[in-house]
Amino acid sequence: MKSVAIIGVGQTHHARRRTDVTQIGLAREAALRALEDANLTIDDIDSIVVCTGPVLFAAVNQPEKWLVDALGARMKPVVRVTSGGGTGLAGALAAVNQIRGGFAERVLVVAYDKLSEGALQYSISTLYDPFWGREFAVGIMGFSAAAWRGRMGRLGHTEEAAAMVSVKNHKNAFLNEYAHVRRDVSVEDVLNSRPLCWPIKLLDVPPISDGACAVVLSSGDIGEKSENPAWIRGMSYYSEADNAANRSTIQSEPLEIAARHVYAEAGITNPRRQVDVVEVQEPYTCFELSYYESLGLCEPGGAAALMASGATQIDGDIPVNASGGCMGANPIGATGLIRLAEVAQQVRGKAGEHQIDGAKVGLMQAGGGWANLRGVAVVSSQKG
Amino acid sequence: MTRITTGIDQAPALETSLEMPYTLTTGKAVSVFIEQLGHGVIVGSHCDNCDRTVVPAQDYCARCGGDQGATVAVEPTGVVTAITRTADGAVGLIRLDGVDADLLHVIDESAGEVAVGDRVEATFAPEPVGTILTLAGFAPSTSAVSTTAPKEIDEVADEDLAKQIIYSLSLPYRHAYGPNYGRLFDELGSRGGILGSRCPHCQNVLVPPRAYCEICYVKTEQFVEVKDTGRLQAFSVIHMEFIGQTRKPPYVYAEIVLDGASTRLIHNVAGIDMARATEVLDIGTPVRAVWKAESERNGTLDDIDYFEPIPE
Ligand SMILES: [Zn+2]
Ligand SMILES: [Zn+2]
């Protein structure tokens, strides 16, 4: 398979509400930062992939046609990819495939959402079909909380274990200059916070954010000439049918499949030992516990113990969300790409205050839909 | 909120609507444009790189992607480059004097038809309305082509700018039931029966019924009635309030596997002391449907008022 490199990364300083820019202005900020990091201009870019969540989030249909103006992308190929919380990763995969297919040498992926503008949970509830379930939907939170309640007894994903995820990610966000939520919280604070969709409580939930992220991907030849590339060593995105017979609410089958494929591609047989840094897209704390197991960082049912052991802390042997993850900022359409950008910056040694010393191999996860669309990528400082 | 109706093709359809509220951010250039319209001034932006002026003012040049240079006041006169007529009146493209792109707006034909090539002049609403409609439209004019170059305007004080505008989308839909949902909701509405379809390969019963089994990908061949009792597969106690919510918290969001089904049904559990919901309910708790009075049913899932635990 042809090699693909990440040669430029940029993100905005995320915020609860950015009143100084339009949605395209927000996306443009990240794009210009990524181009600058890659030492390129838009003229050097062959193709652009725009990533946003559902258009109901911000009322502009086909926003990519508006973004053409703000990027100077006229007369270039522009497509939009959307896949809920996994949108940014799905967009990056589209770019990787354009390069692997030989259709482009340099692709700019721009991912954003301006969630302050619309009614978030109401918009998400429209993921349900109008006949069956929409009237009972509570965005994705009701569904996620119910699935967590199911995992509690079977896998021991307790409220305390999830609270520890919240404490860790909130603490790590202090080290991330782009995060907009930096809060000192204790396990007790999380457990005592207001229930939203029990067992999910206020401090299990990431913020609602305005933000954008952009990544420049290139062919292997260009990556070789780049000063400080991060190499894509594997990337996959899989789905399962939402309401098929006997669908498991306990383990995510598509995530396990995606991880298996990516590990095989990257030559990883023991992720806990071979990976230096992990970023997961955790829309709620309970998901991070579940991902530990699906990604093979521990055995099924081992997530609470892994969390309690301190291994996933920033100074642990397998740090997860050193950036603070979604807890620091969660612009949904950008979140998946932010996770990829963060691991890329880690292996490039450019993660800033939350840099893990000597990180060479990074693993990231993102997904969307009814937790039925799941993707994984591995990046490395080595081309392989 | 939803009801069965008869569509224009005589097939039943489900009518729904989404009422979505928004607060949209205008960006600097558009907020200056809207503010200046209140003073009777039409503002564009000039890209120094491309040497082009566009109206309304934009934050970025659509031609080169660069930051716009000066914010400029343009003449309120121009020429019609295209026109079309709707039931509500005429709209057209207007090329303002000294500007390099067309502006889409209302054309006032109250004094007679306007044609492409005609000169027009801006008319303003009596009071600013906070949108582009402060510029009411364009009416025929005897003005000569202005040769005055667009002039840079003074910086507008930040506190005078409205950075966000309130907006809403009202989206009506008519969803076709198709044969599977049609049969399901007919049976549900007429006699309270809940149907699934059986996969001839894996024998699983899929509720709601569907044409294909997602796992085997073979055609289902048979409708099967399942019970209105089942077990909780997952649940959550909803305390959160949000726009578009159809129930008042607290309530229980539940995923129920009905007896005889292999898939989940999303509904609510009630008839319990909500303060003790997390103690009363468990994964696997048996539940049964509580139906609404027959007179209140309309052939939707709402015909089941809620599910309640079956006492041991
Ligand atoms: Zn220009
Ligand atoms: Zn089957």
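Four donors count as tetrahedral if all the angles among them lie between 85 and 135 degrees, a criterion that the first two views of this predicted model rely on.

**View 1. The site of the zinc ion (ligand 2) in chain B is tetrahedral.** The angles among the four donor atoms of this zinc ion run from 102 to 113 degrees, so the site falls inside the limits of 85 and 135 degrees that define the tetrahedral class. The protein donors are the SG atoms of B:C199, B:C202, B:C213 and B:C216, which lie 2.3 to 2.4 Å from the zinc ion (ligand 2). Along the sequence these donor residues follow the spacing C-x2-C-x10-C-x2-C. Among them, B:C199 is buried, with a relative accessible area of 0%, whereas B:C202 counts as partly exposed at 28% relative accessibility.

**View 2. The zinc ion (ligand 1) is held by four cysteine SG atoms of chain B.** Its protein donors are B:C47, B:C50, B:C61 and B:C64, each through SG, at 2.2 to 2.3 Å from the ion. The site of the zinc ion (ligand 1) is tetrahedral, with angles of 106 to 116 degrees among its four donor atoms, and its donor residues are spaced C-x2-C-x10-C-x2-C in sequence. One pair of these donors links distant parts of the chain, since B:C47 belongs to strand β3 of chain B while B:C64, 17 residues apart from it, sits in the loop between β4 and β5 of chain B. Of this pair, B:C47 is buried, with a relative accessible area of 2%, and B:C64 counts as partly exposed at 22% relative accessibility.

**View 3. Four strands of chain B form an open antiparallel sheet, with a helix lying across two of them.** The strand order is β4-β3-β5-β11, and the edge strands, each pairing on one side only, are β4 (52-54) and β11 (151-152). Strand β3 (residues 42-47) is joined to strand β5 (residues 71-74) by four bridges, the two strands running antiparallel; within this pairing, B:G44 has B:V72 of β5(B) as its bridge partner. Helix α1 (residues 28-37) of chain B lies across β3 and β5 of chain B and runs at about 150 degrees to β3(B).

**View 4. Two cis peptide bonds occur in loops of chain B, and B:F223 is shown with its surroundings.** A cis peptide bond joins B:V55 and B:P56, with omega at about -5 degrees, and B:P56 lies in the loop between β4 and β5 of chain B. Another joins B:V207 and B:P208, with omega at about 0 degrees, where B:P208 is placed in the loop between β14 (205-206) and β15 of chain B. B:F223, which lies in strand β15 (residues 222-226) of chain B, is 16 residues from B:V207 in sequence and 9.9 Å from it in space, C-alpha to C-alpha. With residues up to four places away in sequence not counted, B:F223 touches B:N180, B:R183, B:L195, B:G196, B:S197 and B:P209, yet B:F223 remains partly exposed, with a relative accessible area of 31%.

**View 5. Chain B and chain A bury about 5400 Å² between them.** Carbon and sulfur atoms account for 62% of this buried area. The contact involves 72 residues of chain B and 59 residues of chain A. B:Y60, B:M240 and B:R264 supply 13% of the area that chain B buries against chain A, more than any other three residues.

**View 6. Helix α11 (residues 285-294) of chain A is largely enclosed by the rest of the structure, because ten of its ten residues are buried.** The buried residues include A:F287, A:L289, A:Y291 and A:Y292, as well as A:E288 and A:E293. Just after α11(A), A:G296 takes a positive phi of about 75 degrees.

**View 7. Two residues of chain A that are not glycines have a positive phi in the loop between β2 and α2.** A:A59, found in the loop between β2 (47-51) and α2 (63-71) of chain A, has a phi of about 70 degrees and counts as buried at 18% relative accessibility. A:Q62, which lies in the loop between β2 and α2 of chain A, has a phi of about 45 degrees and counts as partly exposed at 48% relative accessibility.

Definitions and conventions. Residues numbered from 1 in each chain as written. Chains lettered and ligands numbered in written order. Predicted model: local features only at pLDDT ≥ 70, side-chain atom pairs only at ≥ 80, totals over all residues. Heavy atoms only, no water. Buried < 20%, exposed > 50% of the residue type's maximum accessible area, 1.4 Å probe, protein only. Pairing = 2+ DSSP bridges. Contact = heavy atoms within 4.5 Å. Axes fitted to C-alpha atoms, helices over the stretch in contact; angles between N-to-C directions. Donors = N, O, S within 2.8 Å, 3.2 Å for Na, K, Ca; no water. Tetrahedral: all angles 85-135°; square planar, octahedral: opposite > 155°, others 65-115°. Buried area = accessible area lost by both parts, 1.4 Å probe.
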